[in-house]
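Here's a quick briefing to read alongside the picture. Have the sequence and the 3D view open, and click on each residue as you reach it.

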Amino acid sequence: RLFKRLDAAHLNGLSVALGVAATHAVVAALFGDTAGLAAVGGAVCASMPDVPNPPQRVLPRVLPAVAAAALVTLGVGLADGSLVATVALIAVVAFLSLMTLAWGPRAGPLSFSPVLAMVFAMAWDRTAGAASPVEHAAWVGLGGCVYAGWARGSAVLLRYRLRALALAG
């Protein structure tokens, strides 16, 4: 009954929350807590553009956010300690993120993913975190890929209900 009362946004929100939690659980169980925490950053960034869509549209929306999150995380790690490089990176990421809005309002979540990845990467405790910027970026990318698999699977699982809700709407 509860499942029938939920609209598309609620179903998608539940799927996203479960996907981020599952990403953390899987990566932390396989590779340790540090990797699991870094993977959550990638999963959250990948979840931004995950909106109710047919299954064939999920990966083309989610995977660019995964790539952007991993690249920005790598850039922040490599620029660590250099004020000039960090400021330049912030400027480039902000410019490119805003330019993605040229594709319209549906690109909004994708445009925010690199900015969020930059905030997460700058907040990362390097003394307790990954040994290198490449390793940290790899964990972020892995988390995003695990979440992308979750998003595709949940889209397949929920497609009939989401289609019915779209037709009713």
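**A first stop, then the whole chain**

At 43% relative accessibility, Asp125 counts as partly exposed, because that value falls between the 20% and 50% cut-offs. You'll find Asp125 in the loop that links helix H6 (108-123) to helix H7 (133-168). Keep in mind that you're looking at a predicted model, so let's check how confident the prediction is before going further.

**How far to trust it**

- The average pLDDT for the chain is 90, and 96% of the residues score at least 70.
- Where is confidence lowest in the chain, and where is it highest? The low end is helix H1 (residues 2-5), with a mean of 73, while helix H5 (residues 83-99) sits at the top with 95.
- As a rule, predicted coordinates shouldn't be read in detail where pLDDT is low.

**The overall build**

- Count the elements and you get 7 helices and 0 strands.
- Reading from the N terminus, the order is simply α-α-α-α-α-α-α.
- The C-alpha trace spans about 55 × 40 × 20 Å along its principal axes.
- The chain's radius of gyration is 17 Å, which agrees with the value near 15 Å for a compact globule of 169 residues.
- Look at contacts with a separation of 6 or more: 75% of them in this chain come from residues 24 or more positions apart.

**Surface and charge**

- Of the 169 residues, 40% count as buried.
- The accessible surface adds up to about 9,200 Å², and carbon and sulfur atoms account for 72% of that.
- How many positive and negative side chains does the chain have? There are 11 positive and 6 negative ones, and the centres of the two sets lie 24 Å apart.

**Two buried residues**

- Is Leu11 buried or exposed? Leu11 is buried, because its relative accessible area of 5% is under the 20% cut-off.
- Leu11 is part of helix H2 (residues 8-31).
- Leaving out residues up to four places away in sequence, Leu11 touches Phe3, Leu6, Leu158, Arg161, Leu162 and Leu165.
- Ser97 is a different story: Leu11 and Ser97 are 86 residues apart in sequence and 28 Å apart in space, C-alpha to C-alpha.
- Ser47 is buried too, with a relative accessible area of 10%, and belongs to helix H3 (residues 33-47).
- Which residues does Ser47 touch, not counting those up to four places away in sequence? They are Val16, Val20 and Tyr147.

**Two partly exposed residues in helix H6**

- Phe112 lies in helix H6 and is partly exposed, with a relative accessible area of 40%.
- From Phe112 to Ala88 it's 24 residues in sequence and 18 Å in space, C-alpha to C-alpha.
- Val119 is in helix H6 as well, and at 48% relative accessibility Val119 counts as partly exposed because it stays below the 50% limit.
- Val119 and Ser82 are 37 residues apart in sequence, with 17 Å between their C-alpha atoms.

**Back to the loop**

- Now return to Asp125 and find Arg161: the two are 36 residues apart in sequence and 42 Å apart in space, C-alpha to C-alpha.
- Arg161 has already come up, as one of the residues that Leu11 touches.

Technical notes:
Residues are numbered from 1 along each chain as its sequence is written. This is a predicted model: local features need pLDDT of at least 70, side-chain atom pairs count only at pLDDT 80 or more; totals for chains, interfaces and linings use all residues. Side-chain values use heavy atoms; hydrogens and water are left out. pLDDT is the predictor's confidence in each residue, from 0 to 100. Helices (H or I, at least four residues) and strands (E, at least two) are DSSP runs, numbered from the N terminus. The radius of gyration is taken over C-alpha atoms; the globule rule is 2.2 Å times the number of residues to the power 0.38. Buried means under 20% relative accessible area, exposed over 50%, partly exposed in between (1.4 Å probe, protein chains only). Contact means heavy atoms within 4.5 Å. Accessible areas come from the Shrake-Rupley method with a 1.4 Å probe; for residues, only the protein chains shown count as cover. Lys and Arg count as positive and Asp and Glu as negative; His and the chain ends are not counted. The place of a charge is taken as NZ of Lys, CZ of Arg, CG of Asp or CD of Glu.
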